[in-house]
Amino acid sequence: MMEDGDQLSLTIAQIVQRLKGSHLHSQLERQAKECLHLPEIKLQSLKEDVRSFLKTSGWERKLQNAVYRELHVQLPPSLPQAPPEHLKEPLAYMRKAQSSWEKRVFKSLNSMSSELEVPLARMRPEEERKELTNKWNELGTDEPDLSLFRPVYAPKDFLEVLVTLRNPNHESNEDVNARSHWGLIQVPLSVRDLPQLRAAYSELSLTVGQVGIDDNAQIHPDLFESEYVQVGKKVVMEQDSAAAQQYSRRGCPTGLRADLWALTLNSINQSQDLMHYEQLKAGVIQHSLLVDNLFYKDVKLTASNDDYYFVFEDFLYQVLLCFSRDTAVLEHFKNNSATPPRSYIQGKAGDEECAVVYPPNGVIPFHGFSMYVAPLCFLYNEPSKLYSVFREMYIRYFFRLHSISSSSSGIVSLCLQFERLLQAHMPQLFYHLRQIGAQPLRIAFKWMVRAFSGYLSTDQLLLLWDRILGYDSLEIVAVLAAAVFAFRAENLMEVTSLPSAEAVLADLSTLKVMPLIQIFLFATAV
């Protein structure tokens, strides 16, 4: 085991190493050199004067935000001799399941390529490049014929894989008794129970003012809102990522949400974001990828048919096509149980030197993937800003929703937590649904794998995502899923089949997120 001091030293060394090659590092160096000409910089106190200049000119805060981001996206420090795959995912059976799933998905993509005679990638002819450049802002008007394309997989296919997960070292008894787990997920992972959740989410308690709840017994809504907005403006003005994240726990006021989210994610370097986005756009115009058709198809099947999101169709194409070309996304595979798929240059199959990651970002889209982007379109109308915030949301949170891992924010833990919460606090409901063949997870899984995007009304979804950012965890998604079942329990006790249970839970667009979460967490008898 590492001592605390050694762990801290290793963390600092890793962060310094990662920041050394960054754009921020070169900017800091340039600022430090330029300030040497200022009259207030004295030779005898050079180090202190330069530090003082960087602090007063705002560069120290930018460095703090960059360090804060690194602490969120990098792996926790560990012994240097641990193999990389153990750092990505410590449990061997999870690694094996993820590897098997990846092979299945990539095989499906290759089969589609062969059947439809569409190459995985090709250079666009000059005429096509010109045409695409001209219609970049209206990509939805003239998409290719998509009738033969199908999503590589849907959430229900992924659920079937999770249901079969078993720890070979864990002996499970198939007989149902009072202490067994009645749900579909049968792996022994540690998830928090209700008392632990109450302690962890104390800022959401009934006595604390929340954005997303109109009235509160102890704080007059007008007074709370006015004072809370003033604090939010101050947080934005201070440009402090840690403060923005803490503030988001109680929800973000509508007018400040875009700035607070960008600040929490440290997506605030607009000139650099714009340059990166333009480079990705050039890549889209240069080459056509098979996955482009999957993105087109997905947007057509989901966002285009959604009352809230259909107007953002062009934005979604722009962001998703650029995302598939972004090799910077590959960085997150260091702390992801998944491994980016690899293909071979034509005619060089089997030659490892000719193996390339495909698609370039290592992420194969599935049915519903575009819904990770759609809600962000309400916050950002500048494509480069929208792109930078989405990418950061993806590499911090969303990737965990479609990869098999033992992470507490991973989809396996969320499913298990949902089932345990429901079984512990609504055992009659859980048992009834199980007996009629309507396992609750079969209904809730599609909500959780999309973090409820496309199921809640947008204003309520953004309130939920405030808390994901604020607590730096997807755990609240599982809590809400259990709270929805608890809210509709009376109707669900009357149903006699899976279709009728699905009908009771078909429309979540009228639900209010924060009252549901509060009641489930803080007004449920333990």
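User: What does Arg192 form a salt bridge with?
Analyst: Its partner is Glu475, and the closest N and O atoms are 2.8 Å apart. A salt bridge here is a side-chain nitrogen of Lys or Arg within 4 Å of a carboxyl oxygen of Asp or Glu. This is a predicted model, where local features need pLDDT of at least 70, side-chain atom pairs count only at pLDDT 80 or more, and totals for chains, interfaces and linings use all residues. Residues are numbered from 1 along each chain as its sequence is written, and side-chain values use heavy atoms, with hydrogens and water left out.

User: Where do Arg192 and Glu475 sit in the chain?
Analyst: Arg192 is in the loop between helix H8 (155–163) and helix H9 (194–200). Glu475 is in helix H21 (residues 475–487), so named because helices (H or I, at least four residues) and strands (E, at least two) are DSSP runs numbered from the N terminus. The two residues are 283 apart, and the pair links distant parts of the chain.

User: Is Glu475 buried or exposed?
Analyst: Glu475 is buried, because its relative accessibility is 5%. The cut-offs are under 20% relative accessible area for buried, over 50% for exposed and partly exposed in between (1.4 Å probe, protein chains only). Arg192 has 36%, so it counts as partly exposed.

User: How many salt bridges does the count come to?
Analyst: The count is 14 salt bridges. One of them pairs the side chains of Arg124 and Asp292, at 3.6 Å from N to O. Arg124 lies in the loop between strand S1 (121–123) and helix H7 (126–134), and Asp292 in helix H14 (residues 290–301), so this pair ties together parts 168 residues apart in sequence. Both Arg124 and Asp292 are buried.

User: And what about Lys300 and Glu313?
Analyst: Their side chains also meet in a salt bridge, at 2.5 Å from N to O. Lys300 lies in H14 and Glu313 in helix H15 (residues 313–325), so the pair ties together parts 13 residues apart in sequence. Lys300 is partly exposed at 27%, while Glu313 is buried at 16%.

User: Which residues do shared partners join into one network?
Analyst: The network holds Arg122, Arg124, Glu128, Asp292 and Arg325.

User: Which is the nearest side chain of opposite charge to Arg488?
Analyst: That is Asp507, 6.5 Å away (Lys and Arg count as positive, Asp and Glu as negative; His and the chain ends are not counted). Arg488 is buried and has no salt bridge. Arg488 lies in the loop between H21 and helix H22 (489–492). Leaving out residues up to four places away in sequence, Arg488 touches Val504, Leu505, Asp507, Leu508, Thr510 and Leu511 (contact: heavy atoms within 4.5 Å).

User: Switching to helices. At what angle do H13 and H16 pack?
Analyst: Helix H13 (residues 270–286) and helix H16 (residues 383–396) pack at about 90 degrees, with axes 9 Å apart. Axes are lines fitted to C-alpha atoms, for helices over the stretch in contact, and angles run from 0 to 180 degrees between N-to-C directions. H13 and H16 are therefore roughly perpendicular. Angles under 35 degrees count as roughly parallel, over 145 as roughly antiparallel, 65 to 115 as roughly perpendicular and the rest as oblique.

User: Which residues of H13 and H16 meet?
Analyst: Gln270, Asp273, Leu274, His276, Tyr277 and Leu280 in H13 meet Pro383, Ser384, Lys385, Tyr387, Ser388 and Arg391 in H16. That contact has five nonpolar, four polar and three charged residues. Ala, Val, Leu, Ile, Met, Phe, Trp, Tyr, Cys and Pro count as nonpolar, Asp, Glu, Lys and Arg as charged, and the others, Gly among them, as polar.

User: How do H7 and H13 cross?
Analyst: Their axes come within 9 Å and cross at roughly 135 degrees. That makes H7 oblique to H13. Arg129, Leu132 and Thr133 in H7 meet Val284, Ile285 and Gln286 in H13.

User: How many residues of H24 are buried?
Analyst: Eight of the ten residues in helix H24 (residues 513–522) are buried. Among them are Val513, Met514, Phe520 and Phe522. The buried residues of H24 pack against H9, helix H17 (411–425), helix H20 (458–471) and H21.

User: Last one: which residues does a cis peptide bond join?
Analyst: Tyr358 and Pro359, with omega about -10 degrees. Pro359 is in the loop between strand S4 (355–357) and H16.
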